[in-house]
Amino acid sequence: MYKYDQYDQAMVDARVEEFRDQARRRLEGKLTEDQFKPLRLMNGLYLQLHAYMLRVAIPYGTLDSRQMHALADIADKYDRGYGHFTTRQNIQYNWIKLEDAADILADLSKVEMHAIQTSGNCIRNISSDHFAGAAADEVVDPRPYAELLRQWSSFHPEFSYLPRKFKIAVIASDTDRAAMRLHDIGIQIVQNDAGDLGAAFYVGGGMGRTPMIAPCINAFVPLDRLVTYAEACLRVYNRYGRRDNKYKARIKILVHELGAEEYARQVEEEFAHMLDQGVEPPFAELERIRTFFEDPLFEADASSDIDRSDPDFALWVDRNTVAHKADGYASAVISLKPVGGIPGDATAEQMRLMADLAKDYSFDELRVMHTQNIVLPHVRKADLHALWTALDEAGLGAPNLDTVEDIIACPGLDYCSLANARSIPVAQRISERFAKTGKTETLGQLKLKISGCINACGHHHAGHIGILGVDRKGVENYQLLLGGSEAEDVSLAKITGPGFDEHGIVDAVETVTTVYEREREDGERFLDTYRRIGMNPFKEALYG
Amino acid sequence: MAELLRYRDDEMVDHPAVTVDAFLDQSNAGAVRIEPGDDARDLLPHLERLALVEVNFPAFGDGRGYSSARILREAGYDGELRAVGDVLVDQLAYMRRCGFDAFEPDQQLNKDDVQAAFERWPEVYQSAADDRTPIWTKRHA
Amino acid sequence: MRLLTGNDLKTGVVTWWTGSDWSIHVEDAADVTGSEDETARREEAARRVNAPYAIDAEMQDGVPRPTHIKERVRTLGPTVRPDLTLKPAEPDLGNWVI
């Protein structure tokens with residue numbers, strides 16, 4: 001894991017004091033709310049429905065047990081004993097006081113954490129593959145590149161007042177576990193025929209009210225020009241991204257309006273100019289960062305045997321563990337989706353338990369998934385039973401990874417001031433329904449994603465089944481979408497037709513799964529069947 | 001109009017800045033004002049006759065002026081680069097890094113706050129238009 | 001009727017204008033029809049409230065009930081966590097919200 005040196009620590013500490021000063025000036029009336037808002041947002045502090053909300057960055061979703069303990073302590077000390085893990089691998093606290101915010105940032109700083117640029121019209125926390133460093137299929141660990149970009153983008157003097165927010169994801173395998181092409185910039189570290197590593201740049205993806213899949217604008221940027229190329233991408237956006245309409249201000253609109261080719265041409269022009277400007281860090285910095293991400297000392301002779309005599313445990317192993325690059329190891333997913341629970345929420349006690357389990361069983365490392373679950377990336381197969389037993393006792397043993405119960409849901413109208421409808425209760429009713437009918441396991445991989453408004457924090461465009469909450473004359477109404485994917489087979493879901501009420505949407509989801517069960521051919525996922533048979537059979541079943 | 005903050009010693013330009021269009025049309029102006037929608041690169045062929053470039057920030061959240069400033073500095077412009085308009089104390093440090101060396105805010109800034117803003121950052125992560133050494137260069141010096 | 005609401009600047013809690021002060025209970029809210037803009041400006045300038053705005057409501061059983069669901073959620077807290085609402089002892093209030 002990356003560790004701060006005195007420079008990183010000094011920067012984060014300076015930021016805490018800067019924010020302390022800004023909050024003081026706000027409380028003293030020297031800053032208006034209009035002036036303060038972008039400043040607090042750049043420190044992750046929102047004003048939500050019930051209180052201030054603080055979003056803490058978890059860079060590329062990686063943290064250690066000490067950090068997870070600190071997150072738990074913050075939940076107890078400053079909030080109401082829980083936190084919410086988000087679709088960008090961060091954590092949010094819902095009941096924060098402005099007068100406490102600087103103290104929280106100071107507590108975070110003690111464990112090399114922060115809330116820098118977790119909101120605002122700037123470059124946000126960089127996300128990555130939650131199985132980085134463990135996945136059997138990766139070219140390299142993508143996190144050093146994410147860390148390099150984290151440093152480059154932190155307090156960037158030119159790109160802190162962009163037309164709109166800017167999200168970057170970095171992966172390094174053909175399997176996309178980070179929704180890479182639905183980001184403002186998606187980077188895939190690739191290897192060319194000569195064996196050299198480079199970065200493929202996909203620019204102009206995103207969800208929100210105008211979902212777009214990012215086109216590739218450069219298939220191979222040499223790693224010693226990575227930062228310069230990113231800087232060129234951002235400068236073209238900062239200069240020409242639309243500022244007349246916030247709904248058209250994301251880079252996806254610029255790339256779409258210019259066309260990917262023309263955008264790429266402008267980037268290349270800027271890039272050629274910038275090569276002389278000394279933007280690129282010394283290559284030794286990338287090498288320094290890489291040393292923090294070397295493999296832990298895996299046991300060479302770790303056993304691959306798993307005692308499957310307990311069927312509940314065997315189901316969890318089948319569902320929630322993932323192949324690891326080292327023999328005798330697995331990545332274990334801790335589901336934050338108990339049946340009827342709130343997707344992504346964890347209590348302080350659960351956070352502490354996960355931290356302690358990471359220390360005992362996973363080389364002191366945890367990951368946050370964009371699907372709002374937690375990963376212990378490096379677990380000996382021999383330890384899986386002990387791990388599962390501890391998780392199950394704490395209500396963290398749900399065997400439902402990537403099933404219809406593993407629902408992504410934004411906070412929705414229960415917490416969010418932008419929402420039009422509640423998301424969480426819909427997720428709760430759906431997971432309860434499928435747990436009750438017992439169909440969860442037989443439906444296999446079925447990614448269901450719910451957003452409470454058009455901003456799409458719940459990734460509904462990318463759900464095999466997506467649900468979008470809307471406001472219909474003051475009443476919550478839910479549109480159903482089918483056929484989306486955030487993965488390497490990326491696609492955008494399409495709306496089935498008229499929306500449903502709170503109860504009707506649960507029935508509608510069940511109806512479309514029934515169509516799938518009827519129509520599916522061997523080995524097909526829900527998404528595969530939908531792609532083969534199209535929307536009509538589902539429409540007929542829904543609307544007759 | 002608030003006090004001008006100026007961090008250079010040369011003489012001030014004594015005539016008002018003209019628009020980019022006007023500047024490109026006439027040859028005798030030595031001061032120009034860039035609006036957010038203007039292309040700073042239009043000025044590059046004429047840098048030698050410029051002593052003052054004002055970059056207007058009609059609203060502090062419109063960050064195009066930061067790119068305009070860096071583009072001018074990257075092209076070698078060494079005259080006065082003045083941020084004018086909705087220039088607030090919390091943006092000063094970034095503006096300075098992008099090459100601004102003078103500030104003419106609509107509203108008077110508190111002197112202590114200004115000083116605190118410029119002294120805030122002990123280090124910088126990335127290179128920009130100032131002469132500060134990025135952290136990653138120091139690490140490998 | 002019109003209610004004036006906002007969040008407390010320091011704590012962020014939801015507050016309602018009572019006619020003379022701010023309260024966390026919507027039951028205390030006063031009709032501000034006609035005076036909402038002036039009150040909002042004055043109170044925000046005094047930093048007794050953050051980002052105030054007026055909403056529509058109607059009296060129901062002697063209590064002002066905001067017209068829009070979002071504001072009803074704001075009056076009590078998240079519907080999915082009755083234990084964290086303003087009145088955890090009255091879980092049935094969820095029916096009043098929705």
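This talk goes through a predicted model, from the domains of chain A to its contacts with chains B and C, and ends with some local detail in chain C.

I start with chain A. Its domain assignment gives domain 1 at 6-109, domain 2 at 142-290, domain 3 at 313-393 and domain 4 at 408-543. Take domains 2 and 4 of chain A as a pair. Over C-alpha atoms, their centres are 31 Å apart. The contact between them draws 11 residues from domain 2 of chain A and 11 residues from domain 4 of chain A. On the domain 2 side, the residues are 5 nonpolar, 2 polar and 4 charged.

Next, a sheet in chain A. It is open, with 5 strands in the order β3-β14-β15-β12-β11, and the pairing is antiparallel. Which strands stand at the edges? They are β3 (62-64) and β11 (321-323) of chain A; each has a single partner strand, so one side of each has no neighbour in the sheet. On average, and ignoring direction, neighbouring strands of this sheet are turned by 35 degrees against each other.

Inside that sheet, look at β14, residues 365-368 of chain A, and β15, residues 374-380 of chain A. These two run antiparallel and are joined by 2 bridges. One residue pair to pick out on screen is A:V368 with its bridge partner in β15(A), A:I374. Helix α11, residues 348-361 of chain A, packs on the sheet and touches β12 (329-334), β14 and β15 of chain A. The direction of α11 makes about 25 degrees with that of β15(A).

Now a second helix, α10, which covers residues 311-320 of chain A. Its buried residues include A:F313, A:W316, A:V317 and A:N320. Seen down the axis of α10(A), the buried residues fall within an arc of 105 degrees, so they line one face of the helix. The face turned away from that buried side carries the exposed residues A:P311 and A:D318. What lies over the buried residues of α10(A)? The cover includes β11, β12 and α12 (384-393) of chain A. Two of those, β11 and β12, also belong to the open sheet I described a moment ago.

That brings me to the contacts between chains, and I take chains A and B first. Chain A gives 32 residues to this contact and chain B gives 27 residues. On the chain A side, at least two residues each come from α1 (6-27), α2 (33-41), α5 (143-153), α6 (226-240) and α9 (283-291). The largest share, 7 residues, is that of α1(A). By class, the chain A side divides into 15 nonpolar, 9 polar and 8 charged residues.

The contact between chains C and A takes 21 residues from chain C and 22 residues from chain A. Two elements of chain C give two or more residues to its side: β4 (50-60) and α2 (69-76). The largest share, 4 residues, comes from α2(C). The chain C side has 9 nonpolar, 8 polar and 4 charged residues.

One residue worth selecting here is C:T67. It sits in the loop between β5 (63-66) and α2 of chain C. Is C:T67 buried, exposed or partly exposed? C:T67 is partly exposed, because 14 other C-beta atoms lie within 10 Å, and the count for a partly exposed residue falls between 12 and 20. Setting aside neighbours within four places in sequence, C:T67 is in contact with A:G474, C:D56, C:A57 and C:E58. C:T67 and C:G6 are 61 residues apart in sequence, and their C-alpha atoms are 16 Å apart in space.

C:G6 takes us to strand β1 of chain C, residues 2-7. How many residues of β1(C) are buried? The number is 5 of the 6, so the strand is largely enclosed by the rest of the structure. β1(C) pairs with β4(C) in the antiparallel sense over 5 bridges. β1(C) also pairs with β2, residues 14-17 of chain C, again antiparallel, over 3 bridges. C:T5 appears in both pairings: its bridge partner in β4(C) is C:Y53, and its bridge partner in β2(C) is C:W16. The hairpin of β1(C) and β2(C) has 6 residues between the strands, and C:G12 takes a positive phi near 85 degrees there.

That is where I stop.

Conventions
Residues are numbered from 1 along each chain as its sequence is written. Chains are lettered from A and ligands numbered from 1 in the order in which they are written. This is a predicted model: local features need pLDDT of at least 70, side-chain atom pairs count only at pLDDT 80 or more; totals for chains, interfaces and linings use all residues. Two residues are in contact if their C-beta atoms, placed from the backbone, lie within 7 Å. Ala, Val, Leu, Ile, Met, Phe, Trp, Tyr, Cys and Pro count as nonpolar, Asp, Glu, Lys and Arg as charged, and the others, Gly among them, as polar. Domain bounds come from an automatic or database domain assignment. Two strands pair if DSSP finds at least two bridges between them. Axes are lines fitted to C-alpha atoms, for helices over the stretch in contact, and angles run from 0 to 180 degrees between N-to-C directions. The arc is that of the directions from the helix axis to the C-beta atoms.
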